[in-house]
Amino acid sequence: MSGRTAPHGPVAVVGAGPVGLTAALVLARSGIPVTVLESRDELATESRASTFHPATLDLLDELGVAAALRRQGRTVDRVQWRDLDGGVHAELDYGLLAGHTRHPYRLHVEQARLTPLLLDGLTATGLADVRFGTTATGATETRATETGGGVRLRAEDAAGRVTVTHHPYVLAADGSRSRLRESAGLPGTAEEYPDYALRVVTDSPLDELVPGLAPLTYVRDPRGSYSALGMPDHWRLVFRIRRGTPRDEVLAPEAVRARVARALPGPAGRAVRVTDAHTYRLARFLLPAYRAGRVLFAGDAAHLTSTAGGLNMNCGLHDAVETGRALATVLRDGTGDEAPLDAALARRRSVVETAVLPRSEARTAGLDSPAELPARLADLRRTAEDPRAATDYLLKASLLDVAPRPLKGDAHADLVSQAHR
């Protein structure tokens, strides 16, 4: 797509979650003014995504926030597969990624720890207007004869006051129930997976109760499978529950305690203190295209995948960086040539379709099949025994093969310098 030069003025970013704020910071660091609209009165604090992959940490390092995020998180240097009795099927060392990334590890930390860092960095640029308590309700593309073309964005604050502003582009990072996606008439129905997730939170030190337990462990056993993630101050156990199983039965305190007791070997399960338990849906969705005119889509507004492996949020952050870079290029160029933007959006969609969706779904395929599981575990053991195969596994599990490349040399140094001014 190409057209007249976009008008001067701020790019509007709708949504102040990790994806929206990352995109806004990329734009502002490139000298592009931004207006961020967030329907909440403040940054979200609820427990959500918690995994940051090496490729993502490389990109966040360019924005000056990776080091501060790491200080608040738990560094994970290995991934482990176990059975319910505590036996280890296989283990991979993230150190194999040294030379492929500046961060050869995975970081476990709440996404709510990232957004304040991004907001501080954005505010420090002096190029951002962040408006909380403001909901974007619709966007209309204007003709080139009207102020040079762009998007007329309608928003409403908590008091019901309506404002209409004009922007060269709008980036919708307003989540899986995107109002802007709906206003553009784009499809938005997600396909639910056969399972939903039960997340159990405990402040018990599981790695002390279960010797040798890695902070990233996948329990794979014909009798039951789940994931265990060690956070800085708690552990998360994530179980997949067949859709149709009543959630009130699954969440009954005695049922949760019994499930945890079965999940951990020996007396460990009975010693665990459950501090929270909740369910969430698992679904897949992919927009046919990541733009509707000058309204662009990123993160959950553009795609949903299985939460296995923590790929969806990381992919959303990659969307933010690659889309932000391309949009900044188009706006700085000023010729109206949108080829770099179209190429970036097409690449981001292709990554979800060809890598993120199949990889996340492969993580859980056959878990409930006693006939398939032994073969899958044998494949894992062979992978762990072969350094080249293990490295390839970790590269793909971390999206290092499909993530935007980190800036190098002077470009990276300039961004880091700006981040610390």
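**Note on the predicted chain and its strand β14**

1. Of the 421 residues of the chain, 52% count as buried, where buried means under 20% relative accessible area. The model under review is predicted.

2. As to secondary structure, 14 helices and 22 strands are found in the chain. Its radius of gyration is 22 Å, close to the 22 Å that the globule rule gives for 421 residues, so the chain is as compact as a globular protein of that length. The C-alpha trace spans about 70 × 50 × 40 Å along its principal axes.

3. Contacts across the sequence deserve attention. When residues at least 6 apart in sequence are considered, 73% of their contacts join residues at least 24 apart.

4. The surface and the charges may be read together. About 17,900 Å² of the chain is accessible surface, and carbon and sulfur atoms account for 50% of that area. The side chains include 52 positive and 51 negative ones, and the centres of these two sets lie 1 Å apart.

5. Strand β14, residues 195-202, is mostly covered, with eight of its eight residues buried. Which residues lie on each of its faces? On one side are Asp195, Ala197, Arg199 and Val201, and on the other are Tyr196, Leu198, Val200 and Thr202; both faces are covered.

6. The pairing of β14 completes the picture. With strand β17 (residues 235-242), β14 pairs in the antiparallel sense over eight bridges; there, Arg199 has Val238 as its bridge partner. With strand β18 (residues 274-280), β14 also pairs in the antiparallel sense, over six bridges, and the partner of Val200 in β18 is Ala277.

Technical notes:
Residues are numbered from 1 along each chain as its sequence is written. This is a predicted model: local features need pLDDT of at least 70, side-chain atom pairs count only at pLDDT 80 or more; totals for chains, interfaces and linings use all residues. Side-chain values use heavy atoms; hydrogens and water are left out. Helices (H or I, at least four residues) and strands (E, at least two) are DSSP runs, numbered from the N terminus. The radius of gyration is taken over C-alpha atoms; the globule rule is 2.2 Å times the number of residues to the power 0.38. Buried means under 20% relative accessible area, exposed over 50%, partly exposed in between (1.4 Å probe, protein chains only). Contact means heavy atoms within 4.5 Å. Accessible areas come from the Shrake-Rupley method with a 1.4 Å probe; for residues, only the protein chains shown count as cover. Lys and Arg count as positive and Asp and Glu as negative; His and the chain ends are not counted. The place of a charge is taken as NZ of Lys, CZ of Arg, CG of Asp or CD of Glu. Two strands pair if DSSP finds at least two bridges between them.
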